[in-house]
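Trainee: Could we go through this model together? I would like to see how the descriptive words are earned.

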Amino acid sequence: MRRHLLSVDDLSREDIERILRRAESFAEVSGREIKKVPTLRGRTVINLFYEASTRTSSSFELAAKRLSADLVSVKSSGSAVEKGESLKDTVQTLSAYDPAAIVIRSPQAGAAALVARWTRASVINAGDGKHEHPTQALLDLYTLKRRAGSLEGLRVWIVGDVLHSRVARSNILAFTRMGCGVTVCGPPTLIPRGIESLGCEVRYTLDELGKADAVYALRMQRERMTGSFVPSLREYAAQYQIDCRRLGPSQLLMHPGPVNRGVELAAEVIDSPQALITEQVESGVVVRMAVLYELLAGGGAPSPVRAPETEAPQPA
Ligand code: NCD
């Protein structure tokens with residue numbers, strides 16, 4: 001595995017499988033009363049978030065703490081970024097602390113790759129504009145695999161604002177790499193031209209949604225929309241909202257959060273047993289522990305992984 005995690009394309013299928021197995025071993029640690037292992041004791045992890053985040057930032061913080069790393073969390077509001085410090089200067093300043101990893105979220109596509117050029121730390125992309133969000137894709141694979149048993153041959157429909165979604169891009173790459181069949185669906189204005197080249201099919205209506213094993217709904221990314229992409233949210237919901245009429249009883253439902261209740265999802269499906277949304281959040285911690293472990297604690301060269309029961313690290 002490479003030194004940085006910037007894109008799902010940095011990961012082979014074997015890398016992904018190893019991370020998922022590692023996450024499973026950390027799930028065992030998370031079930032203990034003391035949820036901590038000494039793996040990254042004395043190493044520093046910096047979370048650098050230039051964009052709003054609840055799930056990603058809190059789960060990276062918990063992941064670093066449960067691995068016993070020293071953690072510094074910097075948010076653009078309240079930091080020197082507000083005084084106009086550039087990303088490069090901020091990264092060079094924080095690199096003076098000799099961090100082992102920098103986790104970066106930015107509204108700019110390509111920001112994580114730039115950070116990787118300016119620091120000796122391992123860089124983890126926690127979302128760069130509409131480009132990629134690889135750790136979200138990994139936690140989604142982990143969650144779906146746990147519920148469905150196997151990913152091979154599963155049919156996944158990704159529905160909604162694909163155009164502005166880094167989650168869609170990372171997840172199309174990740175699901176197809178793991179043997180799933182991926183279909184993206186939404187209004188033509190919200191499906192990027194040429195998206196099929198990533199290995200998915202495209203539909204503009206939900207007519208064939210019944211073929212899906214799992215439905216992955218996306219949030220309307222209103223903060224990234226400069227013009228008008230749908231006539232109104234109401235009309236969007238009328239055609240594309242996942243509700244209990246459209247979602248069959250054996251289909252699973254996923255969403256990266258935060259959900260616009262009543263827009264992409266109806267309240268009744270969010271709270272249904274088919275929804276994996278809370279499990280996705282829970283998986284975020286163990287999968288991000290596994291990513292930090294792989295990048296910082298010698299996952300480096302592909303190594304044979306023992307069964308989860310035997311490889312769980314001992315408590316601190
Ligand atoms: C996603 C993101 O920020 O890209 N959320 C997340 O990381 N949990 C999806 C979104 O904001 O819609």
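Here is a short conversation about helix packing and the sheet.

Mentor: Happy to! Keep in mind that this is a predicted model.

Trainee: Why are helix 1 and helix 5 called roughly perpendicular to each other?

Mentor: The axes of helix 1 (residues 13–30) and helix 5 (residues 134–148) cross at roughly 70°. Angles of 65 to 115 degrees count as roughly perpendicular, and therefore the pair gets that name. The two axes also come within 10 Å, and the crossing of helix 1 past helix 5 is right-handed.

Trainee: Which residues of helix 1 meet helix 5?

Mentor: On the helix 1 side they are Ile16, Ile19, Leu20, Ala23, Glu24 and Ala27. Their partners in helix 5 are Leu138, Leu141, Tyr142, Lys145 and Arg146. By class, this contact holds eight nonpolar residues, three charged and no polar ones.

Trainee: Now the sheet. What makes strand 2 and strand 4 the edge strands?

Mentor: The four strands form an open sheet, ordered 2-1-3-4, with parallel pairing. Strand 2 (70–75) and strand 4 (122–128) each pair on one side only, and that makes them the edges. From one strand to the next, the twist averages 15°.

Trainee: How do you know that strand 1 and strand 3 pair?

Mentor: Pairing takes at least two bridges, and five bridges join strand 1 (residues 44–49) to strand 3 (residues 101–106). Within strand 3, Val103 is the residue opposite Asn47.

Trainee: And which strands does helix 3 lie across?

Mentor: Helix 3 (residues 87–95) lies across strand 1, strand 2 and strand 3, at about 160° to strand 1.

Definitions and conventions:
Residues numbered from 1 in each chain as written. Predicted model: local features only at pLDDT ≥ 70, side-chain atom pairs only at ≥ 80, totals over all residues. Heavy atoms only, no water. Axes fitted to C-alpha atoms, helices over the stretch in contact; angles between N-to-C directions. Helix = DSSP H or I, 4+ residues; strand = E, 2+ residues; numbered from the N terminus. Parallel < 35°, antiparallel > 145°, perpendicular 65-115°, else oblique. Left-handed = near helix turned anticlockwise from the far one by under 90°. Contact = heavy atoms within 4.5 Å. Nonpolar A, V, L, I, M, F, W, Y, C, P; charged D, E, K, R; others polar.
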